[in-house]
Amino acid sequence: MPDETPNTEEQSAGAPAEAQPAPAEAKAVERPARTPAVRAGGPVAAGAGGHAVVVARPAPVGPALPPISRRKLMLVAFWTGMTGLLASIVATTLNNLWPRGEQKLSGRFVIGSMSGGAVTIEGQELAPGEKRDLVVLIPNERSPLDNIEAKIYMVRFDEEQAARNPGAQAGAVLALWRKCPHLGCTVPFNAGYPFKDPLINATYQGWFKCPCHGSTYSDSGRRVFGPAPRSMDAFALTLDDEGNLEVDLDTVYTSITGNAEKALLPPA
């Protein structure tokens, strides 16, 4: 039996090949041009069909800050710092010259006694011609653990001292403030320092002399030399009915010629 299976190769060779369709020529597709959308301050998105979509941003709220350069910022910072520094220097200087809120000496304090012509200061007798250094402690209102010191010289005149200090009486007691009226230095008494008294035109020893600028004072605190504008100040002394000697820090005597007449004479 003959093979009925067709020979594919023979058929392919004998039969004419079927015509293949020619490839279509590429045609340019024309798309509609997109109309550019113009918007200030932001991007633009184009939608389908050439329609532009504008993305709007909200307007800023509040005042707009002006632009500032780095140089300008550095200048502003520099001059601000310099202004603050100068203001601190001026404030510190003024506070040192005129202290604010400084606690003043105040109060009455028992410092001794007077009876029968005798004067006792803190338990020790004060003889005529003698001077006694006394410090009264006042509680500090701003610092409970600290005290303010009232430095006083208790002076008792003898006959010679009373004679060369007008207004003084022999045996009288004077409380001189040791603060120099010039710049506030503490004034000591120098028993061996000689100086010529212009009031009586005589030189003798024993003067109050400020160690800061040389202001010199007599036994009664009378200024005789130096830049001090006046004599030494003095505190008031009082005697109560029981014979207690009190110093009144609220009453301060000031004078150009001294405070000898402010001395307290003990009762006989």
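How many of the 10 residues of β7 are buried? In this predicted model, 7 of the 10 residues of β7 are buried, so the strand is largely enclosed by the rest of the structure. The views below begin with this strand and its partners, continue into the nonpolar cores, and end with the cysteines and a sheet of four strands.

**View 1. Strand β7 and its pairing partners β6 and β8.** On one hand, β7 (147-156) is joined to β6 by 9 bridges, and these two strands run antiparallel. Within this pairing, Val136 stands opposite Ala150 in β7. On the other hand, β7 pairs with β8 over 5 bridges, again in the antiparallel sense, and here Met154 stands opposite Ala175 in β8. As general background, the strands of a sheet pair through backbone hydrogen bonds, either parallel or antiparallel.

**View 2. The largest nonpolar core, with Ile152, Met154 and Leu249.** This core has 21 residues, and the members that touch the most others are Ile152, Met154 and Leu249. At least two core residues come from each of several strands, including β3 (108-115), β4 (118-121), β6 (131-139) and β8 (173-177), as well as β13 (234-239) and β14 (244-253). The strand that gives the most to this core is β7, with 4 residues. In soluble globular proteins, nonpolar side chains tend to be buried together.

**View 3. The surroundings of Ile152, and a second core.** When its neighbours within four places in sequence are left aside, Ile152 is in contact with Leu134, Val136, Ala175, Leu176, Phe235, Val247 and Leu249, and also with Arg132, Asp133 and Arg178. Apart from the largest core lies another one, of 19 residues, among them Val155, Ala172, Leu176 and Ala260.

**View 4. The disulfide between Cys185 and Cys212.** The structure holds 1 disulfide, formed by Cys185 and Cys212, whose sulfur atoms are 2.1 Å apart. The torsion about their S-S bond is about -110 degrees, and the disulfide is therefore left-handed. This pair links distant parts of the chain, since Cys185 belongs to the loop between β8 and β9 (189-197), while Cys212 belongs to the loop between β10 (202-209) and β11 (216-217), 27 residues apart. With a relative accessibility of 17%, Cys185 counts as buried, whereas Cys212, at a relative accessible area of 40%, is partly exposed.

**View 5. Cys180 and Cys210, two cysteines without a bond between them.** Cys180 is in no disulfide, and the nearest cysteine sulfur, that of Cys210, is 3.9 Å away. Seen from the other side, the closest cysteine sulfur to that of Cys210 is in Cys180, and the 3.9 Å between them is too far for a bond. Cys180 is buried, with a relative accessible area of 3%, and Cys210 is also buried, with a relative accessible area of 3%.

**View 6. The open sheet of strands β9 to β12.** Four strands form an open sheet in the order β9-β10-β11-β12, and their pairing is antiparallel. The edge strands are β9 and β12 (223-225), each of which pairs on one side only. Inside this order, β10 and β11 run antiparallel and are joined by 2 bridges, with Lys209 standing opposite Thr216 in β11.

Note on methods
Residues are numbered from 1 along each chain as its sequence is written. This is a predicted model: local features need pLDDT of at least 70, side-chain atom pairs count only at pLDDT 80 or more; totals for chains, interfaces and linings use all residues. Side-chain values use heavy atoms; hydrogens and water are left out. A nonpolar core is a set of buried Ala, Val, Leu, Ile, Met, Phe, Trp, Tyr and Cys residues joined through side-chain atoms within 4.5 Å. Buried means under 20% relative accessible area, exposed over 50%, partly exposed in between (1.4 Å probe, protein chains only). Contact means heavy atoms within 4.5 Å. A disulfide is a pair of cysteine sulfur atoms within 2.5 Å. Two strands pair if DSSP finds at least two bridges between them.
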